[in-house]
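Here are some notes for a first reading of this model, set out as numbered points. Please keep the structure open beside them and look up each residue as it is named.

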Amino acid sequence: MAFSLAQEFLKRNETYVEKEHKRIPLFSEMTFSPKKMIFSCFDARADPKNILGLTPADGAIVVRNASGTPARNLNDIIAMDKFTSLTEVIVIKHTDCGATHMTEEGIRAHIKKHSPDIDSEILDNFSMETTHETRKDVELIKNCPLIRKELRDNTSGLLFDITTGKLTKVI
Ligand SMILES: [Zn+2]
């Protein structure tokens, strides 16, 4: 059997359980709830934990996906807002993002190639939009009438420069 990273993780977790794990509070015991939602690319070079020094005290929920777009997660914003009354949403993009090389048409063609018998109706209903423009992604949230106005108004977009490590506000 080929080497599996999942198997390696199970081994590493044994060490974590033995040496590092401390009891994690249950929801009913938590004294604060996350109030900020951050969208970020799943590129390991732009990990918000590293570039922002995020800690649990920041009360941030981090959603990571291809390009860090909220396009497929607008319902998550609404659900979390209902759950914790969010105060802020931040979209973080980064330079040299792999998503700039992806197109929805290309992904659809990939699916068609490996699954030629797929029902085209299923494919038509499948959204794999990957935007890489910070402003466009923030406007998706700001223009979504289902998201509370105060939250839409408190949504911003930042850009992380892979080369310099600097974070700048775009919108
Ligand atoms: Zn990226």
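1. Cysteine 97 is a good place to begin, since it is buried, with 20 other C-beta atoms within 10 Å, and 20 is the number at which a residue begins to count as buried. Cysteine 97 sits in the loop between strand 3 and helix 4 (104-114), and, leaving aside residues up to four places away in sequence, it touches Cys41, Asp43, Ser67 and His132.

2. Before going further, please bear in mind that this is a predicted model, so that each statement here concerns a prediction. The pLDDT of the protein averages 91, and 95% of the residues score at least 70. Confidence is lowest in helix 5 (residues 120-124), where the mean is 77, and highest in helix 7 (residues 149-153), where it is 98.

3. Cysteine 97 also appears in the UniProt record, an unreviewed entry, whose "binding site" annotation covers Cys41, Asp43, His94 and Cys97. These residues span 57 residues in sequence, yet no two of their C-alpha atoms are more than 9.1 Å apart, so they gather at one spot.

4. Another residue of that annotation, histidine 94, lies in strand 3. Is histidine 94 buried or exposed? It counts as buried because it has 23 C-beta neighbours inside 10 Å. Not counting residues up to four places away in sequence, histidine 94 touches Cys41, Asp43, Ala46, Leu159, Phe160 and Ile162, and Cys41 and Asp43 are likewise among the contacts of cysteine 97.

5. Strand 3, which holds histidine 94, deserves a point of its own, for it is mostly covered, with 6 of its 7 residues buried. On one hand, strand 3 pairs with strand 1 in the parallel sense over 5 bridges, where lysine 36 stands opposite glutamate 88 and serine 40 has isoleucine 92 as its bridge partner. On the other hand, strand 3 runs parallel to strand 4 and is joined to it by 6 bridges, and here isoleucine 92 stands opposite leucine 158.

6. In what order do the 5 strands of the open sheet stand? The order is 2-1-3-4-5, and the pairing is mixed. Strand 2 (60-65) and strand 5 (167-169) stand at the edges with a single partner strand each, so one side of each is left without a neighbour in the sheet. On average, and with direction ignored, neighbouring strands of this sheet are turned by 25° against each other. Helix 6 packs on the sheet, where it touches strand 3 and strand 4, and its direction makes about 160° with that of strand 4.

7. The last point concerns the largest nonpolar core, which has 19 residues, and of these Met37, Ile77, Val89, Ile90 and Ile92 touch the most other members. At least two residues of this core come from each of strand 1 (36-41), helix 3 (74-84), strand 3 (88-94), helix 6 (134-142) and strand 4 (155-160). Methionine 37 may serve as an example to trace in the model, since, not counting residues up to four places away in sequence, it touches Ile61, Val63, Ile77, Met80, Leu86 and Val89.

Technical notes: Residues are numbered from 1 along each chain as its sequence is written. This is a predicted model: local features need pLDDT of at least 70, side-chain atom pairs count only at pLDDT 80 or more; totals for chains, interfaces and linings use all residues. A nonpolar core is a set of buried Ala, Val, Leu, Ile, Met, Phe, Trp, Tyr and Cys residues joined through C-beta atoms within 7 Å. A residue is buried if 20 or more other C-beta atoms lie within 10 Å of its own, exposed if 12 or fewer, and partly exposed in between; C-beta atoms are placed from the backbone. Helices (H or I, at least four residues) and strands (E, at least two) are DSSP runs, numbered from the N terminus. Two residues are in contact if their C-beta atoms, placed from the backbone, lie within 7 Å. Two strands pair if DSSP finds at least two bridges between them. pLDDT is the predictor's confidence in each residue, from 0 to 100. UniProt positions are given in the numbering used here, feature names are shortened, and annotations may be inferred rather than shown by experiment. Axes are lines fitted to C-alpha atoms, for helices over the stretch in contact, and angles run from 0 to 180 degrees between N-to-C directions.
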